[in-house]
Amino acid sequence: TETQQIILFSTIISLMLKKKDSYIVCACYRKNGEPPLIKGWIPFLGKALEFRKNSQQFLSQLQQEHGDFFTVLIAGRYITFIMNPFLYPSVIKHGKQLDFHKFSDSAASRTFGYPPVQSGLFPGMSDSIQRSYTLLQGSALDLLTFSMMGNLQQVLRCRFLSSEGSGSDGHWQEAELYEFCKCVMFQTTFNTLYGHSANLCLDQLREDIEKFDGIFPLLMARVPIALLGKTKEIREKLIRFFYPQRMAEWRAPCQFIQTRMDLFQQYDTLQDRDKAAHHFAMLWAAVGNTIPAAFWCLYHLISCPEALEAVRAEIINVVGEKNMKLIFEEDITITRQQLEQMVNLESSINESFRLSSVSMNIRIVQEDFCLCLDAQHSINLRKDDIVALYPQSTHLDPEIYDQPQRFQFDRFVEDGRDKTDFYKCGQKVRYYRMPFGSGATQCPGRFFAMNELKQFVCVTLLMCEMQLPENQQEAMLDNSRAGLGIMPPVNPITFKYRTKKNRGQYEEGGMD
Ligand code: HEM
Ligand SMILES: *[C@@H]1O[C@H](CO)[C@@H](O)[C@H](O)[C@H]1NC(C)=O
């Protein structure tokens, strides 16, 4: 089908970069108001393994040559990039002609191995799934936040006070930061969403998901799973983890997952294996971006003493000294309302998103039509063409963000509140930061993700002091995953930590 022919841009763009010299650039305008067309030669998919170049640079260069929108012909598909944030609203508004769900359904079903939800076999299921997403917001989010808080404290307490190190008596310890974030966020997110069971080996599950995740860009790029070594085996093992009879034994899954279990149960056409594949896909969605996001936030904070100080002071101010001292003895609560008061922390998280998010927004043209971009520009699009937004170019636009490569923790705070006015050429930009996608298809887990990240930073900083050793290389982004969410770091980062238990000197480390 036509959707199955779609190859994820990021792969393609990087493939094309490998062959940059061999471009045939045809800058001629096509007839009747179509955007300038850049014809590449057709790259070979096997080269998807080399997924390394800088798509951001590539697109900026095309923007300089051709303007704010242009079409690139790749492997028989016409992909129109809209590069100027002032033109985003027109794309976001046309949800009917520019569809996301068909694309995501087909890509997800191929990647996670379940039958397409919109295949006609499951009447009403797509809508019910969309409705279930409200259970990641509103009052359901209060419960999730509460449960996450308990899980985080349990896991971190255990980690910091474990006997394997002498961390508990206040000596400095060392660990690898990404590993730390992965262990903690994986286990706590899993428990919060899917519940608890004594018989589960979550470390093994995490290892398998990591292996799968390493291959994920290739699956998205439509490399057949049979060509990817043990990937199929690993995926089947991951799916087996979520069989209904196993999940039935897990204690206290959240309302969202419970509702999905009940929903899948209503469809005889859905095999147990398919139900399990859906649950596996959701776990991947829930940890895949959150873990690297947790890394970048903590990393930037501990790299920048001024930011760490401001965020720490804010947390202590909201939580209170008393609670802070109790945290090793008993669970403390930080409510959703309290989390909302932490603007410096929120701004730091958003600033980390700005620097590490490369989520591309993809839409498929449903019918020939003329897209009006602004008062001066309209472009004709053809059915089955792809329209893409590339927010990273906005995130790093020096006209919008002064010194765009710099982490500036309070970039999004003004007078103690969220700063939302950003300008380009004197005009206010609406879509200046979009790690979660846009419009009707925005990530449904974004509120939960934001809270999780805040809680993770809060509990970690309440329990210990953290530092980076001197003379360490800076963390760098793994560009091989460009286009697919939050980029992970490529190089290991060592950090030093020392728990605050029994030290009775909470003032130390500048927490006045
Ligand atoms: C920092 C963390 C996260 C980031 C950056 C992120 C980002 C995204 C993005 C960019 C999309 C695609 C939206 C689009 O293209 O318009 C998406 C979709 C999705 N995300 Fe997230 N996400 C995060 C965390 C989560 C969490 C914690 C969950 C679940 C608990 C989740 C569940 C989903 C689901 C189910 C979809 C598919 C929605 C659909 O097909 O309609 N995400 N996410
Ligand atoms: C951070 O981002 C979220 C979601 O994008 C937004 O709702 C919030 O207002 C932002 N906060 C700050 C301080 O920038």
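Start by selecting β14 and β15 (residues 494–499): these two strands pair in the antiparallel sense over 4 bridges. Strands here are DSSP E runs of at least two residues, helices are H or I runs of at least four, both numbered from the N terminus, and two strands pair if DSSP finds at least two bridges between them. Before going on: this is a predicted model, with local features needing pLDDT of at least 70 and side-chain atom pairs counting only at pLDDT 80 or more, while totals for chains, interfaces and linings use all residues. Residues are numbered from 1 along each chain as its sequence is written, and chains are lettered from A and ligands numbered from 1 in the order in which they are written.

Zoom in on C464, which stands opposite T499 in β15. Now add β5 to the selection: the 3 strands form an open antiparallel sheet in the order β5-β15-β14. Its edge strands, each pairing on one side only, are β5 (173–176) and β14 (464–467). On average, neighbouring strands of this sheet are turned by 35° against each other, direction ignored. Show helix α7 (residues 177–194) too; α7 packs on the sheet, touching β5 and β15, and its direction makes about 75° with that of β5. Contact means C-beta atoms, placed from the backbone, within 7 Å. Axes are lines fitted to C-alpha atoms (for helices, over the stretch in contact), with angles from 0 to 180 degrees between N-to-C directions.

Next, pick α14 (residues 305–319) and α19 (residues 446–463), which pack at about 95° with their axes 10 Å apart. That makes α14 roughly perpendicular to α19, a label covering 65 to 115 degrees. On the α14 side, select R312, I315 and V319; they meet C458, L461 and L462 in α19.

Over to ligand 1. Which of its 23 surrounding residues come nearest? They are N289, G437, T441, C443 and G445; "around" puts a C-beta atom, placed from the backbone, within 6 Å. Helices α12 (272–288), α13 (290–303) and α19 each supply at least two residues of this shell. By class, the ligand 1 shell has 12 nonpolar, 11 polar and no charged residues.

Last stop: ligand 2. Select V343, E346, S347, N350, F412, V413 and D418, which surround ligand 2. Helix α17 (residues 343–356) gives the most to this shell, with 4 residues. The ligand 2 shell divides into 3 nonpolar, 2 polar and 2 charged residues. For both shells, Ala, Val, Leu, Ile, Met, Phe, Trp, Tyr, Cys and Pro count as nonpolar, Asp, Glu, Lys and Arg as charged, and the others, Gly among them, as polar.

Note on methods: Angles under 35 degrees count as roughly parallel, over 145 as roughly antiparallel, 65 to 115 as roughly perpendicular and the rest as oblique. Two residues are in contact if their C-beta atoms, placed from the backbone, lie within 7 Å.
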